[in-house]
Amino acid sequence: MTVATTTSASELVSVSPATLEAVGSVPRTDPRDVHAAVERSRSVQARWANVDAAARAAVLRRAAAVVREHADAIADSIVAETAKPRTEAIANELYTAVDQARWLAREAPRVLRDERVRFSQLHLKTKKAWLIYEPLGVVAAITPWNIPFGIPFVQVAASVAAGNGVVLKPSELTPLTAVWVQRVLEEAGMPAGLVQVVQGEADVGEALVADPGVAKIFFTGSVGVGRRIAAAAGARGCPVVLELGGRDPMVVFADADLDRAVDGATFASFLNSGQACVSTERIYVERAVY
């Protein structure tokens, strides 16, 4: 389990779960300052929304290269804050980020292109209609500690590709790694300030969910917190995307190669120390009948 300690009301200290030593710190965001972060993102997003999809794609294409340029340093941060093996940090987080950035650069202009709507109704035969995709404004991303770079990068990059600004609230247990998301995108050419990072515990997240300037919320975490976020956001009509904990089964059929099945079960159960939303938690084995 990753742990964090604090040395003052204004400082958030990240502690390695392997050594229990401090690995770095960031300024803690006062919940009263969350609205200002939303407004800073909004001021930049108003201009970013007018940047065409091809130009946004160019930033994301460059972002994939920037992740590769800083791969060692990002992996160092992930390992320091989570104590996961370096191979997992690279394979499950950096590869994910690069793949997402490249996919968005290639596909976002097509996905976001205006679509002609065809009518089959006779009384609408003389009408023309188009489906037009417009940015929402500023969205919030509240992300977990177990995948501290891959998850926030994917959510932030997709939001930026669609013309939105983002306020990212990472886990208080892995604050250092999340800062790389903003840095990578700004080095790639994203306007400074479009992505804001707010740091802190639950009170910072609550302030972000309640902020009227947030147009949509992405949350990855526990079922209990997800329900609270859904209720708070729903009370003001704000849409949410929730990725919550699962109870993932593995099924081993009677004709399976048992050696491969054991290897697969071990990997699926203990990847990331078993602390992942897709970790195998139940195994069903079909009994052979002769």
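Which residue is the bridge partner of I217 in strand 10? In this predicted model, that partner is V240. The pair belongs to a stretch where strand 9, residues 214-221, runs alongside strand 10, residues 240-244, with five bridges holding to the parallel sense. To get from one strand to the other, the chain goes by way of helix 8, which covers residues 223-235, and the resulting β-α-β crossover is right-handed.

The helices come next, starting with helix 2 (residues 53-69) and helix 4 (residues 86-111). Their axes come within 8 Å and cross at roughly 160°. An angle over 145 degrees counts as roughly antiparallel, so that is how helix 2 sits relative to helix 4. As for handedness, helix 2 goes past helix 4 in a left-handed crossing. On the helix 2 side, the contact is built from A53, A54, A57, L60, R61, A64, V67 and R68, and these meet L94, V98, A101, R102, L104, A105 and P109 of helix 4. Sorted by class, the residues of this contact come out as twelve nonpolar and three charged, with no polar ones. The charged members are R61 and R68 from helix 2, plus R102 from helix 4.

Helix 2 also has helix 5 (residues 150-161) as a partner. Here the axes come within 10 Å, and the crossing angle is roughly 155°, which makes helix 2 roughly antiparallel to helix 5 as well. From helix 2, the residues involved are R56, L60, A63 and V67, while helix 5 brings F153, A157, V160 and A161. Seven of the residues in this contact are nonpolar and one is charged, again with no polar residue. L60 and V67 of helix 2 turn up in the contact with helix 4 and again in the one with helix 5.

Helix 5, for its part, packs against helix 6 (residues 175-187), and the two axes come within 9 Å with a crossing angle of roughly 40°. Helix 5 and helix 6 are therefore oblique to each other, and their crossing is right-handed. P152, F153 and V156 of helix 5 make this contact with V181, V184 and L185 of helix 6. It has six nonpolar residues, with nothing polar and nothing charged. F153 is worth picking out on the structure: this helix 5 residue touches helix 6 and also takes part in the contact with helix 2.

How values were computed:
Residues numbered from 1 in each chain as written. Predicted model: local features only at pLDDT ≥ 70, side-chain atom pairs only at ≥ 80, totals over all residues. Heavy atoms only, no water. Pairing = 2+ DSSP bridges. Helix = DSSP H or I, 4+ residues; strand = E, 2+ residues; numbered from the N terminus. Right-handed = clockwise from strand over helix to strand, strands pointing away. Axes fitted to C-alpha atoms, helices over the stretch in contact; angles between N-to-C directions. Parallel < 35°, antiparallel > 145°, perpendicular 65-115°, else oblique. Left-handed = near helix turned anticlockwise from the far one by under 90°. Contact = heavy atoms within 4.5 Å.
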